[in-house]
Amino acid sequence: MSKPKALVTRRWPEACETKLQELFDVTFNTDNHPMTAEELKDALRDYDVVMPTVTDPITADVLSAEPLRCKILGNFGVGFNHIDIEAAKVRGITVTNTPDVLTDCTADIAMLLMLMAARRGGEGERHVRSGEWTGWHPTHMMGTKVTGKTLGLIGFGRIARAMAKKAHFGFDMPIIFFDPYPPAPEVVKSFDAEQCSTIEEVLRRADFVALHCPGSKENRHLINAERLALMKPAAYLINTARGDVVDNAALIDALKKKTIKGAGLDVFEGEPNLNKGFLELDNVALLPHLGSATLETREAMGMRVIDNVTAFFAGQTPRDKVA
């Protein structure tokens, strides 16, 4: 029986690519460029399986490719808002993702951003590198204490709960959250967390607000100018979810006007082409979408895709099927 013909849209860790070569007739994107819509259409015409990432917008137009050969999109990532799920269903294409394996590392980055923003880590590092540091003195680069402050979580899924664990048990932070689909009461109790009835309540009460909600049409600009205005002037916004969950222009305006104290961001609208306004601000910590960027996690993500796709071609239902 011939191996399924597969296209991998971006380079993966070496161990994953070796495994792919064993199981599939695989083609790699050797120069690792973001693929165009036409290239993605060609992939759907020419391959049994396409393995995309967040950098590949699989739109309804891309999914309209004819003749269609692709049977499954094995997405490398837990988020899949870059894929038009309804259009994939119409075309009869299965879609899978990679939950669980990136939970801790993404929560680690959320903690890093919270600490960087509060303690002016990015600003301080630039200060040293520029040669401007003249030595310690009592009022130099004072930031905000993190330990004991209230952490508000928008969304209380896997990554949010991992952050809550680190923040509550590591930094003695009280946890409040909003989630329209909250976990079981015993899960909430394990963090001594308090469920809020609205997003607005979290924004008003929290010293740090961390976003852990999925990217979707419904969540686009969930955090807008009106909601930013509800936050404490001394509060910080942390986003490791999806860039378009926040109205980036509104956030830049709030940071400039000191409506809020600061922010820590790993994701941006239109990334990598972020709004240049962020680069003019010292009260925001910026990272280049590093949430899952450890060797251990990226290898686990790749192997999860491989498991899903292998199950599909064995006639089984992939465990991470989302469409």
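# Exercises on a predicted model

The axes of helix α1 (residues 14-23) and helix α12 come within 9 Å and cross at roughly 15°. The model is predicted, and the exercises below work through parts of it.

## Exercise 1. The pair α1 and α12

Classify the packing of α1 against α12, give its handedness, and list the residues that make the contact.

**Solution.**
- Step 1. Start with the angle, which is roughly 15°. Angles under 35 degrees count as roughly parallel. Therefore α1 is roughly parallel to α12.
- Step 2. Take the handedness next. The crossing of α1 with α12 is right-handed.
- Step 3. List the residues. α1 supplies A15, C16, K19, L20 and L23. α12 supplies R298, E299, G302, M303, I306 and T310.
- Step 4. Sort the residues by class. The contact of α1 with α12 has six nonpolar, two polar and three charged residues.

## Exercise 2. The pair α5 and α7

Do the same for helix α5 (residues 103-118) and helix α7 (residues 158-171).

**Solution.**
- Step 1. The two helices pack at an angle of about 55°, and their axes are 8 Å apart.
- Step 2. An angle of about 55° lies outside the ranges for roughly parallel, antiparallel and perpendicular. So α5 is oblique to α7.
- Step 3. The crossing of α5 and α7 is right-handed.
- Step 4. On the α5 side the contact uses T103, D104, T106, A107, D108, A110, M111, M114 and L115. On the α7 side it uses R158, I159, A162, M163, K166, A167 and F171.
- Step 5. By class, the residues of the contact of α5 with α7 divide into ten nonpolar, two polar and four charged.

## Exercise 3. Cysteines without partners

How many disulfides does the count give? Explain the result for C70.

**Solution.**
- Step 1. A disulfide is a covalent bond between the sulfur atoms of two cysteines. The cut-off for the pair of sulfur atoms is 2.5 Å.
- Step 2. Under this rule the count is zero disulfides. C16 is in none; the nearest cysteine sulfur, that of C105, is 14 Å away.
- Step 3. Turn to C70. The closest cysteine sulfur is in C16, 19 Å from the sulfur of C70, so the distance is too far for a bond.
- Step 4. Check burial. C16 is buried, with a relative accessible area of 0%. C70 is buried too, at 4%.

## Exercise 4. A buried arginine

Is R304 buried or exposed? Which residues does R304 contact beyond its neighbours within four places in sequence?

**Solution.**
- Step 1. Place the residue. R304 is in helix α12 (residues 295-313).
- Step 2. The relative accessible area of R304 is 9%. Buried means under 20%, so R304 is buried.
- Step 3. Leave aside neighbours within four places in sequence. R304 is then in contact with N97, T98, P99, D100, V101, R319 and D320.

## Exercise 5. Backbone exceptions

Most residues other than glycine have a negative phi, and most peptide bonds are trans. Find exceptions to both tendencies in this model.

**Solution.**
- Step 1. Look at the peptide bonds. E66 and P67 are joined by a cis peptide bond, with omega about -10°. P67 is in the loop between α3 (60-63) and β4 (72-74).
- Step 2. E271 and P272 are also joined by a cis peptide bond, with omega about 10°. P272 is in the loop between β11 (262-265) and β12 (284-286).
- Step 3. Look at phi. R120 is not a glycine, yet its phi is positive, about 60°. R120 is in the loop between α5 and α6 (121-129). R120 is partly exposed, at 27% relative accessible area.
- Step 4. M141 has a positive phi near 45° and is a residue other than glycine. M141 is in the loop between α6 and β6 (151-154). M141 is partly exposed, at 21% relative accessible area.

## Exercise 6. Sequence and space

How many residues apart in sequence are T317 and T94, and how many Å apart in space? Repeat for V187 and R161.

**Solution.**
- Step 1. T317 and T94 are 223 residues apart in sequence and 9.6 Å apart in space, C-alpha to C-alpha.
- Step 2. T317 is in the segment after α12. T317 is exposed, with a relative accessible area of 63%.
- Step 3. V187 and R161 are 26 residues apart in sequence and 8.8 Å apart, C-alpha to C-alpha.
- Step 4. V187 is in helix α8 (residues 185-190). V187 is partly exposed, at 25% relative accessible area.

Technical notes. Residues numbered from 1 in each chain as written. Predicted model: local features only at pLDDT ≥ 70, side-chain atom pairs only at ≥ 80, totals over all residues. Heavy atoms only, no water. Buried < 20%, exposed > 50% of the residue type's maximum accessible area, 1.4 Å probe, protein only. Helix = DSSP H or I, 4+ residues; strand = E, 2+ residues; numbered from the N terminus. Contact = heavy atoms within 4.5 Å. Axes fitted to C-alpha atoms, helices over the stretch in contact; angles between N-to-C directions. Parallel < 35°, antiparallel > 145°, perpendicular 65-115°, else oblique. Left-handed = near helix turned anticlockwise from the far one by under 90°. Nonpolar A, V, L, I, M, F, W, Y, C, P; charged D, E, K, R; others polar.
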